[in-house]
Amino acid sequence: MIKGRDIVVIGIQAWDIEIGSNCKNIASEFSRFNRVLYVNPPLDRATLNREANSERILKRIQVRKGLQEDLVPLGKNLWNLYPKNLVESINWVPSHSLFKVLNKRNNRLFAEDIRSAMERLDFKDVLLFNDSSMFLGFHLKELLPISSYTYYIRDYLIKVPYWKRHGERIEPQLITKADVVVNNSTLYAEYGAKFNKNSFMVGQGCDVSLFNDEENNIPIPTEFTNIPGPIIGYVGYLTGMRLDIGLLEYMAQKKKDWSIVLVGPEDDAFRNSALHEMDNVYFLGSKDSKELPAYVKGFDIAMNPQVVNDWTIGNYPRKIDEYLAMGKPVLATRTKAMEMFQDHVYLAESKEEYITLAQRALKENSSELEKSRIEFAKSHTWENNVGAIYEAIQKSA
């Protein structure tokens, strides 16, 4: 446990994003016993030109002009900083040497804003926690008066085109000079350990309170009334980048007496797929996040038909904890990151095994297994996750 410290959190997601964020949850947990400054990514010139009329960017323009405060209290011990300095959009630069020069300039501007906020808050003996900001966080260990630098990896960003060009060179260097590297999967921990001996798997936090149906008071939506069972379902963004459309088509073709229910918005790959032509596949569309537990409750099996690629192989899908919190049998693709779930989740390595394991899950489900899944999901709290982060920081001190 770390208490009574000052912690600066930077990352690739601003506090005012509309989706959930690991980094925001971690910062909030940090602030229970420490003072925390959560720093938004600075406004860059390309975003300013592209989104100048959006509400989020208009706010940042107001901050730059001094018409709104850059340092905003979010709660006890927690502040949010809107950097005033505009940084240049440099990822397109093909030359590594030129990128290096421009990136250092961006880092100086970013550090200037952070240092100003630290001085106003009288932050001392600071711990810096960097959530995957490999470019803007590269020089901060030297540019800021901090006592410890933690780099957090929760996605294989260097396999994503935007980060790949310079990230394959930059990130290993940043990992090397960090004091500690924390990761939410064993795959990322092994990657970090190639460059830094202080690389630790700290797991993943998840707030599963919304998915608590132990009193059986969540109603199943009426949309399920005319859908025959057994129902194999998925909730979340339906994207071909992360989900195996071919697998879903195979399951629907092979088991025409099963219903495949998909809940969430679709990308073009899903909209144009043969799944829409199949009588036993049901697209229920986007739902408010508060409604999702009711849809999971309607499933006989909840699944995560993940396609295995460079972007997904190390991912920790939070939906697995949400499924388990509802006590549901869960069927998912076997990956390195999913090995920690193997005692509670049916992990398949092929299309054929998806069918075999789904049949097994339907046959052997029981109230005892449901209770075991729920208890396992409850263990993945943000408190436990941050506790593991604290332990990693203290080990590397």
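Contact here means heavy atoms within 4.5 Å. The model is predicted.

**Exercise 1. Classify the packing of α11 against α13.**

Step 1. Locate the helices. α11 covers residues 318–325, and α13 covers residues 367–378.
Step 2. Take the geometry. The two axes come within 7 Å and cross at roughly 135°.
Step 3. Apply the cut-offs. Over 145 degrees would count as roughly antiparallel, and 65 to 115 as roughly perpendicular. The α11 and α13 pair is therefore oblique.
Step 4. Add the hand. The crossing of α11 and α13 is left-handed.

**Exercise 2. List the residues that join α11 to α13, and sort them by character.**

Step 1. From α11, take Asp321, Leu324 and Ala325.
Step 2. From α13, take Arg373, Ile374, Phe376 and Ala377.
Step 3. Sort them. Five are nonpolar, two are charged and none is polar.

**Exercise 3. Find the loop that holds Pro230, and give the form of the peptide bond before this residue.**

Step 1. Pro230 sits in the loop between β8 (199–201) and β9 (231–235).
Step 2. The bond from Gly229 to Pro230 has omega near 0°, so it is cis.
Step 3. Set this against the general rule: most peptide bonds are trans.

**Exercise 4. Compare the settings of Ser132 and Asn216: buried or exposed?**

Step 1. Recall that most residues other than glycine have a negative phi.
Step 2. Read the angles. Phi is positive in both cases: near 70° for Ser132 and near 55° for Asn216.
Step 3. Place them. Ser132 lies in the loop between β5 (126–131) and α5 (140–143). Asn216 lies in the loop between β8 and β9.
Step 4. Check accessibility. Ser132 has a relative accessible area of 2%, so this residue is buried. Asn216 reaches 56%, so that residue counts as exposed.

Note on methods. Residues numbered from 1 in each chain as written. Predicted model: local features only at pLDDT ≥ 70, side-chain atom pairs only at ≥ 80, totals over all residues. Heavy atoms only, no water. Axes fitted to C-alpha atoms, helices over the stretch in contact; angles between N-to-C directions. Helix = DSSP H or I, 4+ residues; strand = E, 2+ residues; numbered from the N terminus. Parallel < 35°, antiparallel > 145°, perpendicular 65-115°, else oblique. Left-handed = near helix turned anticlockwise from the far one by under 90°. Nonpolar A, V, L, I, M, F, W, Y, C, P; charged D, E, K, R; others polar. Buried < 20%, exposed > 50% of the residue type's maximum accessible area, 1.4 Å probe, protein only.
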